[in-house]
Each structure stands twice: as structure tokens, then as C-alpha cells.
Amino acid sequence: MAEKKYQFLDTTQLKLTALFTMVLDHVGDNFFPDQLWMRAAGRIAMPVFAFSTAQGYRHTRNKIRYLVRMTVFALLSEMPFDLVTAGRISDFSHQNIMFTFAWAIAGLMLYEKIIRDGSSKGRNAAGAAVLLLFCLLSVFLLQRNTSISVQCKANDLARMRQGT
């Protein structure tokens, strides 16, 4: 007898839950800063979106086009993000999370290239070094949550390579 698989939420429901909690977080941060429950509830959004980005990376047919789309969306959403968070059209103190995801996708593309094309002896170490380098560079580039995003994506990619 085949074992039944149970699925609590499908991908769309998961993304909508993340979207709702993100909006709750942003409304709480910008209009009701004394309502910490709104910020706490919104903390679920980033890991869910990071997971969704990793799944998108895993299943896309064209990784370069996926990176371009993420980067274009990051650029388009930067001005509204800066207006809300800093009250200015342009603020370089930090960028929106879409840049974080685009950066993580670029890191994974380089990681995959090294793993695929590198010499057999050092390619796993080189791949790990690339991911670490991308995490460290994100701090200097003032990106938010990048090390967490890259790690989530790296873990998902590693599980995918192992077939689990």
C-alpha cells in the first residue's frame, strides 16, 4: 500500500501567507510602530520568500533570465522602498530585499559553475568559499539578510544535489 503524502500548503498559499505577513510587518513598522505583534508576525515573510526564491531557482529553465527578472524587479521597487523607509527617492544606506535575492541567485549560479566545472579535488571547498565570500560581501554592500538568504538557498541546493 502506497504511503499518503500530506501537504499543508501549496506554493501559492505559502507565498500568499508570506505576502500577508510582509504587508502586516510593513504597515506595523511604518504606521503603528508601537504594535510589536505586527512586526513579530511579519518575521515569517523573509524565510518563506527565500525558500520560494530557492525553489524558483531550482525549477527555472533559464537561470540567467531568472536573475535578470529578479534584478529588474529589485531596481523597480527600490524607489518606493526608499520613499517609505527613508522618506527620500534615493537612499543608499540599505536596499530592498529583492537585491538580496538577486545577489543570492548570482552566488548560486557561480557556486553551480564551480561545482560543475571545477577540478574534482577542490570544487566542494571552492563552492563553499564562494558562498562564504558572497555572504561576507553582502555585509559590505549593505544588503539586508543576505547571509541568511544565501544559506537557505545553499542548503536547498545541497539537498537537491543529494536527491532528498
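**Pockets and helix packing**

The second largest pocket has a volume of about 180 Å³. A pocket here is an open set of points on a 1 Å grid over the protein atoms alone, with protein on both sides within 12 Å along at least five of seven lines; a cavity, by contrast, is a set of points where a 1.4 Å probe fits but cannot get out. Grid points are joined across faces, edges and corners, and a volume is the space filled by probe spheres set on the points. The model is a predicted one, in which local features need pLDDT of at least 70 and side-chain atom pairs count only at pLDDT 80 or more, while totals for chains, interfaces and linings use all residues. Residues are numbered from 1 along each chain as its sequence is written, and side-chain values use heavy atoms, with hydrogens and water left out.

The lining of this second largest pocket (residues with an atom within 4 Å of a point) includes Leu 9, Asp 10, Phe 51 and His 59. Its largest share, 5 residues, comes from α3, and α1 and α3 each supply at least two residues. Helices are DSSP runs (H or I, at least four residues), numbered from the N terminus.

The helices α1 and α3 also pack against each other, at an angle of about 145° and with their axes 8 Å apart. Axes are lines fitted to C-alpha atoms, for helices over the stretch in contact, and angles run from 0 to 180 degrees between N-to-C directions. Among the residues that meet (contact means heavy atoms within 4.5 Å) are Leu 14 and Met 22 in α1 and Val 48 and Phe 51 in α3. By class, this contact of α1 with α3 has 8 nonpolar, 2 polar and 1 charged residues. Ala, Val, Leu, Ile, Met, Phe, Trp, Tyr, Cys and Pro count as nonpolar, Asp, Glu, Lys and Arg as charged, and the others, Gly among them, as polar.

Turning to α3 and α5, these pack at an angle of about 40°, with axes 11 Å apart. The two are therefore oblique to each other, a label for angles that are not under 35 degrees, over 145 or from 65 to 115. Phe 49 is one of the α3 residues in the contact, and Ile 97 is one of those from α5.

Both residues reappear in the largest pocket, of about 920 Å³: Met 22, His 26, Phe 49, Ile 97 and Met 98 are the closest to its centre among 30 lining residues. The most is given by α4, with 9 residues.
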